[in-house]
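Thanks for sharing this one. Here are my notes, as numbered points to read with the structure open beside you.

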Number of protein chains: 2
Amino acid sequence: MLRVGDRLPSIRQLREAHRISAATAVACYLWLERQGYVRARPKSGYFVARTPAPEGPAPGITRRVRGPVSVRVSGLAPAGVEPARGPVIDMGPAAVSPALLPVRRLNRSVRLALSAFSDHAVCYEDPSGSDRLRRQIARLMFLQGVTCTADDVIVTSGSTEALHLALRAITRPGDIVAIESPSCYESLQVLESLHLRALEIPHIRHEGMDFAKLEAAASRHRLAAILTTATCHNPFGDCADDGAKARLVAFATRHAIPIVEGDCFGDLVFVPPRPRSMKAFDTEGIVLHYSSLANHLAPGFNLGWVHPGRWRAQVRHLKSLTNVASARLPQLALAEFLESGALEAHLRDLRAALWRAVEAARNEVLRTFPAGTRVSQPEGGWVLWVQLPESFDGAEVVARAAAEGIIILPGIAFSANGQYRNCIRLACGHPVDVLVPAIRRLATLLV
Amino acid sequence: MLRVGDRLPSIRQLREAHRISAATAVACYLWLERQGYVRARPKSGYFVARTPAPEGPAPGITRRVRGPVSVRVSGLAPAGVEPARGPVIDMGPAAVSPALLPVRRLNRSVRLALSAFSDHAVCYEDPSGSDRLRRQIARLMFLQGVTCTADDVIVTSGSTEALHLALRAITRPGDIVAIESPSCYESLQVLESLHLRALEIPHIRHEGMDFAKLEAAASRHRLAAILTTATCHNPFGDCADDGAKARLVAFATRHAIPIVEGDCFGDLVFVPPRPRSMKAFDTEGIVLHYSSLANHLAPGFNLGWVHPGRWRAQVRHLKSLTNVASARLPQLALAEFLESGALEAHLRDLRAALWRAVEAARNEVLRTFPAGTRVSQPEGGWVLWVQLPESFDGAEVVARAAAEGIIILPGIAFSANGQYRNCIRLACGHPVDVLVPAIRRLATLLV
């Protein structure tokens with residue numbers, strides 16, 4: 001109803017129209033302001049600053065299920081390139097720009113950890129990780145609906161290692177793993193490096209894996225694992241509802257097929273509350289849940305974790321065989337950071353910043369990309385999935401962009417079957433003033 | 001000729017008898033003093049403080065080569081145990097006690113790195129690792145006779161990860177890897193976790209792998225790799241000579257069989273000079289060389305490296321798929337430490353301390369263990385290999401020791417074929433006053 005620059009109803013009008021308290025009315029406007037939708041002008045009230053992007057049709061998802069295939073995606077992402085001109089913006093791997101991270105506060109945590117543990121920072125850590133850090137992780141898990149203790153958690157060097165260890169604990173080379181279509185590039189690379197075969201099951205918005213197709217596949221093939229991201233799917237960004245999560249866990253429990261659940265972005269859903277993870281519905285330890293604070297808090301610490309359910313001993317053993325233990329000092333520093341409560345403040349700021357970034361990027365894509373382009377509508381996280389018109393080849397676009405110093409990923413890197421030829425993924429974890437010009441420039445390459 | 005308490009020739013006598021300068025004579029006695037063999041008494045000269053342990057017969061090595069086998073050693077080492085009484089001494093995994101490490105100097109390096117890089121310590125590191133650290137590693141490699149640059153080196157989270165990445169780059173599950181008999185437990189565990197088959201070739205003192213038997217094995221089987229520790233073998237502690245190293249590299253080059261060379265203890269040979277690594281003889285990039293500063297400098301940093309020769313791209317890629325990159329701050333801190341020259345001072349002290357510890361442990365074993373016990377005579381490092389009389393079962397001894405809070409490893413964990421039943425490995429990286437009582441106590445369990 002309103003356009004940019006229009007004035008919003010006053011607090012009094014809002015109260016009266018909706019029969020709410022002044023506090024609630026003010027809270028509404030403050031919330032809109034934080035998201036950047038409205039702006040206050042002193043003594044004049046609130047004005048529309050920007051409007052949400054139109055929803056538009058969602059990008060398509062391949063519906064046909066094919067047999068299990070060996071994964072070959074390595075090399076589909078652009079390697080480090082020498083840009084012909086201009087600065088590089090990395091919208092490839094899904095890590096947030098340091099400009100959005102609490103760098104100084106993290107450095108302070110390192111100093112505090114060093115003073116508190118000066119004699120011990122040099123010792124080997126237990127393969128499971130620091131006790132203090134694991135207690136804090138158990139607290140984070142509680143906020144996702146999972147009741148666990150420090151003993152249930154194993155600290156890893158980021159989410160990639162967590163996925164690696166979880167898969168190695170429950171599979172052998174050649175085994176079949178059910179994955180979503182599309183699935184994130186990083187996971188497919190791990191499957192490839194472990195010589196696992198992938199069976200793609202279509203992703204359904206707000207449901208996750210197509211349950212009927214998964215059931216059919218499980219009756220035809222021996223599935224060694226189900227790999228899924230039910231909260232803030234990567235690359236689509238949507239969340240499966242609780243019913244779908246509970247159903248999948250019950251199915252997996254019945255058939256004794258372990259679920260590997262990635263939940264790295266769940267704390268970054270734009271609109272509270274934080275969804276429960278699939279692990280919250282797991283009573284039998286069938287879910288190996290993993291997450292990480294590397295991508296959106298402290299990449300240099302590179303710390304994540306896995307709650308391996310009934311495979312705890314195996315995962316701990318594999319961790320000790322992979323690299324003994326993650327470096328100790330970053331663990332102590334991260335524990336300090338979490339104990340101080342600084343994570344909550346960071347997440348609040350980051351959620352708002354990422355929502356602004358993702359919306360700005362969506363707007364810009366819809367405004368400047370060729371007609372017929374479709375773009376995902378994430379509920380959290382910071383990646384956008386873009387389906388270009390049929391005539392475009394994503395890999396070609398990626399190469400052209402790389403030559404301009406813009407790193408993005410091609411759609412085919414998100415499928416074991418070579419689907420999504422005309423798609424690209426944009427990681428939007430950048431300040432808006434860096435992001436929007438990069439997308440505008442990208443648009444000029446789409447000819 | 002001399003016994004403990006005897007007086008040594010004076011400096012003047014030494015000069016005259018051997019026609020050397022006073023400086024050389026003094027240097028000799030200072031060197032003996034540093035090793036703990038002699039002690040100076042003011043105004044009285046030098047006296048014998050202790051004598052080297054007798055050499056005695058070396059522990060036996062299985063000479064018969066059997067076919068390749070799947071490795072099953074996991075679980076052979078004692079898990080974390082609740083000792084019935086008394087303090088725990090960990091003579092199991094090969095890491096040096098923190099009492100022998102420059103803890104304060106390392107903490108200082110962390111602080112310096114944090115001040116110098118406060119904005120960047122939080123960022124992701126490149127998968128290859130920090131430039132600054134890699135330059136320092138290239139410098140260390142130069143001291144082993146290897147000419148390389150920072151670009152040749154990939155930083156890893158310790159030696160286990162280095163071995164892991166090297167093997168994954170050149171093998172597939174089921175492949176056959178030639179290893180030494182005995183081989184270190186940690187390596188066998190990695191082979192097991194990667195589903196590789198092991199073909200044991202006898203280790204020969206001062207030669208490394210039995211070359212004739214390796215040649216014969218290579219003619220019968222397709223070897224995917226040769227895994228060897230030619231400098232300070234683990235568990236024997238001896239060094240292959242340059243001729244043997246060169247011969248093996250030439251053989252591997254001719255037959256295009258990659259060599260994975262572990263050289264973690266080479267800097268800790270008791271008597272200089274530091275031997276050249278096998279990599280020093282490699283002109284074609286057939287050797288994947290790995291090492292680490294985790295076990296004898298900074299366990300909590302957990303940093304090692306691999307120089308993967310011609311498999312650089314593959315190893316870098318696998319590193320990025322395993323955990324993106326090793327934590328950044330420990331890398332910057334270690335770089336600072338190495339740039340300052342502090343490693344050389346630490347190694348000088350540590351070499352002397354470890355030699356003292358190993359000799360004291362050898363003496364105590366020969367003095368207190370049952371008649372017929374044989375013990376290795378390491379040229380460097382800090383592990384002792386002990387062969388008990390035939391009637392003993394190493395695994396039983398290990399279990400009994402664990403119940404007393406003494407962690408050691410059984411000989412069978414060092415063979416893919418279940419050899420070395422009556423052997424044990426003692427990691428002696430402890431202060432002598434902690435180590436000797438523990439060994440004495442161990443002796444009381446050998447009945």
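1. Let me begin at a single residue, A:Asp210, which sits in the loop between β8 (208-209) and α7 (211-220) of chain A. Is A:Asp210 buried or exposed? With a relative accessible area of 11%, A:Asp210 is buried, since the cut-off for that label is under 20%. Leaving aside residues up to four places away in sequence, A:Asp210 touches A:Arg63, A:Ile201, A:Pro202 and A:Ile204. Its C-alpha atom is separated by 9.6 Å from that of A:Ser181, a residue 29 places away along the chain.

2. A word on confidence before going further: this is a predicted model. Chain A has an average pLDDT of 91, and 96% of the residues score at least 70. For the complex, the predictor gives an ipTM of 0.80 and a pTM of 0.85. As a reminder, predicted coordinates should not be read in detail where pLDDT is low.

3. How are the two chains related? Chain B superposes on chain A after a rotation of 180 degrees with 0.0 Å of shift along the axis, at an RMSD of 0.2 Å. This is the relation of a two-fold axis. Both copies use the same surface, as 100% of the contact residues of chain B recur in chain A.

4. Next, please look at helix α4 (residues 131-142) of chain A. Its twelve residues should span 16 Å at 1.5 Å a residue, and the end C-alpha atoms are 17 Å apart, so the two values agree. At the start of α4(A), a side-chain oxygen of A:Ser130 comes to within 3.2 Å of the backbone nitrogen of A:Arg132.

5. Which residues of α4(A) are buried? They are A:Arg132, A:Leu133, A:Arg134, A:Gln136, A:Ile137, A:Ala138, A:Leu140 and A:Met141. The buried residues of this helix pack against three strands of chain A, β5 (154-156), β11 (287-292) and β12 (304-307), and against the helices α10 (328-339) and α11 (342-368) of chain A. The strands in that list deserve a point of their own.

6. Strand β11(A) is mostly covered, with six of its six residues buried. A:Val287, A:His289 and A:Ser291 point one way, while A:Leu288, A:Tyr290 and A:Ser292 point the other way. On one hand, β11(A) pairs in the parallel sense with strand β10 (residues 259-262) of chain A over four bridges, and A:Tyr290 is the bridge partner of A:Gly262. On the other, four bridges join β11(A) to β12(A), and these two run antiparallel; here A:Ser292 stands opposite A:Gly304.

7. Strand β12(A) is covered on both faces: A:Gly304 and A:Val306 are buried on one side, and A:Trp305 and A:His307 on the other. β12(A) also pairs with β5(A), in the antiparallel sense and over three bridges. Within this pairing, A:Ile154 has A:Val306 as its bridge partner.

8. Over in chain B, B:Ser291 is worth a look; it is found in strand β11 (residues 287-292) of that chain. At 4% relative accessibility, B:Ser291 counts as buried. A polar atom of its side chain lies 2.7 Å from the backbone oxygen of B:Asp263. Not counting residues up to four places away in sequence, B:Ser291 touches B:Ser159, B:Asp263, B:Cys264, B:Gly304 and B:Trp305.

9. My last point concerns an open sheet of four strands in chain B, in the order β13-β14-β17-β16 and with antiparallel pairing. Why is one side of β13 and of β16 left without a neighbour in the sheet? β13 (374-375) and β16 (409-410) of chain B stand at the edges, and each has a single partner strand, so one side of each has no neighbour in the sheet. In general, strands of a sheet pair through backbone hydrogen bonds, either parallel or antiparallel. Within this sheet, β14 (residues 383-387) and β17 (residues 423-427) of chain B pair in the antiparallel sense over five bridges. To find this pairing on screen, start from B:Trp385, whose bridge partner in β17(B) is B:Arg425.

Conventions. Residues numbered from 1 in each chain as written. Chains lettered and ligands numbered in written order. Predicted model: local features only at pLDDT ≥ 70, side-chain atom pairs only at ≥ 80, totals over all residues. Heavy atoms only, no water. Pairing = 2+ DSSP bridges. Expected span 1.5 Å × (residues − 1). Buried < 20%, exposed > 50% of the residue type's maximum accessible area, 1.4 Å probe, protein only. Contact = heavy atoms within 4.5 Å. Polar contact = N/O pair within 3.5 Å; in protein donor to acceptor, adjacent residues only side chain to side chain. pLDDT = per-residue confidence, 0-100. Least-squares fit on C-alpha atoms with pLDDT ≥ 70 in both.
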